[in-house]
Amino acid sequence: STAIFLALYVVLTRATALFGWVHVMPWPAANGSLLYKSWFGWTENAPFYSALAAAVLVYLQALMVNWLVDEFRLMSDRNWFPGLFYVLVTSILPEFLFISAPLVAATFVPISLRKVFKSYKSMQATPLVFDAALWMSVAALFYPPALMLLLAAYSGIMVMRSFQVREQLVFFTGAFTPLFLAWLWYLWADQGSEFRAIQFGG
């Protein structure tokens with residue numbers, strides 16, 4: 001039942017965008033990656049649907065943040081404050097009032113962090129290390145600067161466990177895989193050079 005109140009809170013904090021009371025322009029598709037343009041480029045000319053999609057995405061992200069905090073006991077008591085504060089912060093940032101490349105990329109950060117936390121004292125950490133890097137790299141497919149978050153995932157794993165050389169190679173393989181597969185797809189579509197320019201040039 002608390003999740004329902006969280007949904008109402010999302011609507012209330014984002015009412016200015018949902019009802020067109022705010023004059024912030026939706027995120028320009030040109031500022032995202034090729035993948036973001038092809039999946040979410042339509043939102044640039046549809047402010048209401050852009051705000052609605054952003055509200056749904058923020059709600060799902062808040063649930064993931066709360067799940068992450070509860071699962072790994074990051075707070076002394078289980079409560080809904082992490083998700084609540086996440087919704088509040090995202091409603092303050094103009095880029096997150098409408099669907100945007102950073103907002104879409106932020107969806108994959110809690111997934112990656114969950115893998116980082118699960119690697120603590122795990123006897124089978126190789127798949128977790130691979131997945132942690134992979135999901136951060138997937139975030140970068142929508143918002144290229146998110147590649148810098150790989151440093152956070154790498155540092156997090158070093159804190160959680162003794163990061164052996166073999167596991168470090170697995171981490172870099174996980175980071176490389178989504179980028180390589182996406183490049184192959186765009187190379188097939190005769191956009192390989194454009195993909196490289198957008199993903200690494202800017």
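The questions and answers below walk through a predicted model of one chain.

Visitor: How many helices and how many strands does the secondary structure of the chain come to?
Guide: Read along the sequence, the pattern is α-α-α-α-α-α-α-α-α-α-α. No β element appears in that pattern. The totals are 11 helices and zero strands.

Visitor: What radius of gyration does the chain have, against that of a compact globule?
Guide: The C-alpha trace spans about 55 × 50 × 20 Å along its principal axes. For 202 residues, a compact globule would have a radius of gyration near 17 Å. The chain agrees with that, at 18 Å.

Visitor: Among contacts between residues at least 6 apart in sequence, what percentage join residues at least 24 apart?
Guide: A contact here means heavy atoms within 4.5 Å. Take the pairs at least 6 apart in sequence, then keep those at least 24 apart. The share is 70%.

Visitor: What part of the accessible surface belongs to carbon and sulfur atoms?
Guide: Of the 202 residues, 48% count as buried. The accessible surface of the chain comes to about 11100 Å². The part from carbon and sulfur atoms is 71%.

Visitor: Which helix gives the most to the largest nonpolar core?
Guide: In soluble globular proteins, nonpolar side chains tend to be buried together. Here the largest nonpolar core has 34 residues, and Tyr36, Ile99, Leu103, Val104 and Phe142 touch the most other members. Several helices supply at least two residues each, including helix 1, helix 3 (34-40), helix 5 (81-92) and helix 10 (165-188). With seven residues, the top contributor is helix 4.

Visitor: How many residues are in the other core?
Guide: This core lies apart from the largest one. Among its members are Val109, Val116, Met136 and Phe171. Its count is 14 residues.

Visitor: Are the rings of Phe108 and Trp135 stacked or edge-to-face?
Guide: The structure holds 17 aromatic pairs, and Phe108 with Trp135 is one of them. Their ring centres are 5.9 Å apart. The planes meet at 10 degrees, and planes under 30 degrees apart count as stacked. So the pair is stacked.

Visitor: How many residues apart in sequence are the parts that this pair, Phe108 and Trp135, ties together?
Guide: Phe108 is buried at 15% relative accessible area, while Trp135 is partly exposed at 26%. Phe108 sits in helix 7 (residues 108-118) and Trp135 in helix 8 (residues 126-142). The pair therefore ties together parts whose separation in sequence is 27 residues.

Visitor: Are the rings of Phe171 and Phe172 stacked or edge-to-face?
Guide: Phe171 is buried at 2% relative accessibility; Phe172 is partly exposed at 47%. The ring centres are 5.7 Å apart, with planes at 85 degrees. Over 60 degrees counts as edge-to-face. So this pair is edge-to-face.

Visitor: Which residues form one aromatic cluster?
Guide: The stacked pair of Phe108 and Trp135 belongs to this cluster. Tyr36 and Phe142, two of the residues that touch the most other members of the largest core, belong to it as well. The full list is Tyr36, Trp39, Phe40, Phe108, Trp135 and Phe142.

Visitor: Which backbone oxygens does the side chain of Thr13 reach?
Guide: Thr13 is in helix 1 (residues 2-13). It counts as buried, because its relative accessibility is 18% and the limit is under 20%. Leaving aside neighbours within four places, Thr13 is in contact with Val87 and Ser91. Its side chain reaches two backbone oxygens: at 3.1 Å that of Val10, and at 2.9 Å that of Tyr9.

Visitor: In the loop between helix 7 and helix 8, is Ser119 buried or exposed?
Guide: Lys121 has its place in this loop too, and counts as exposed at 66%. Ser119 is in contact with Ala125, Leu128, Met160 and Arg161, leaving aside neighbours within four places. At 1% relative accessibility, Ser119 is buried.

Visitor: What phi does Asp190 have?
Guide: Most residues other than glycine have a negative phi. Lys121 has a positive phi of about 55 degrees. Asp190, in the loop between helix 10 and helix 11 (192-201), is exposed at 72%. Its phi is positive, about 65 degrees.

How values were computed
Residues numbered from 1 in each chain as written. Predicted model: local features only at pLDDT ≥ 70, side-chain atom pairs only at ≥ 80, totals over all residues. Heavy atoms only, no water. Helix = DSSP H or I, 4+ residues; strand = E, 2+ residues; numbered from the N terminus. Buried < 20%, exposed > 50% of the residue type's maximum accessible area, 1.4 Å probe, protein only. Polar contact = N/O pair within 3.5 Å; in protein donor to acceptor, adjacent residues only side chain to side chain. Phe/Tyr/Trp six-rings, centres within 6.5 Å; stacked < 30°, edge-to-face > 60°. Rg over C-alpha atoms; globule rule 2.2 N^0.38 Å. Areas by Shrake-Rupley, 256 points an atom, 1.4 Å probe, with all protein chains shown as cover. Core = buried A, V, L, I, M, F, W, Y, C linked by side-chain atoms within 4.5 Å.
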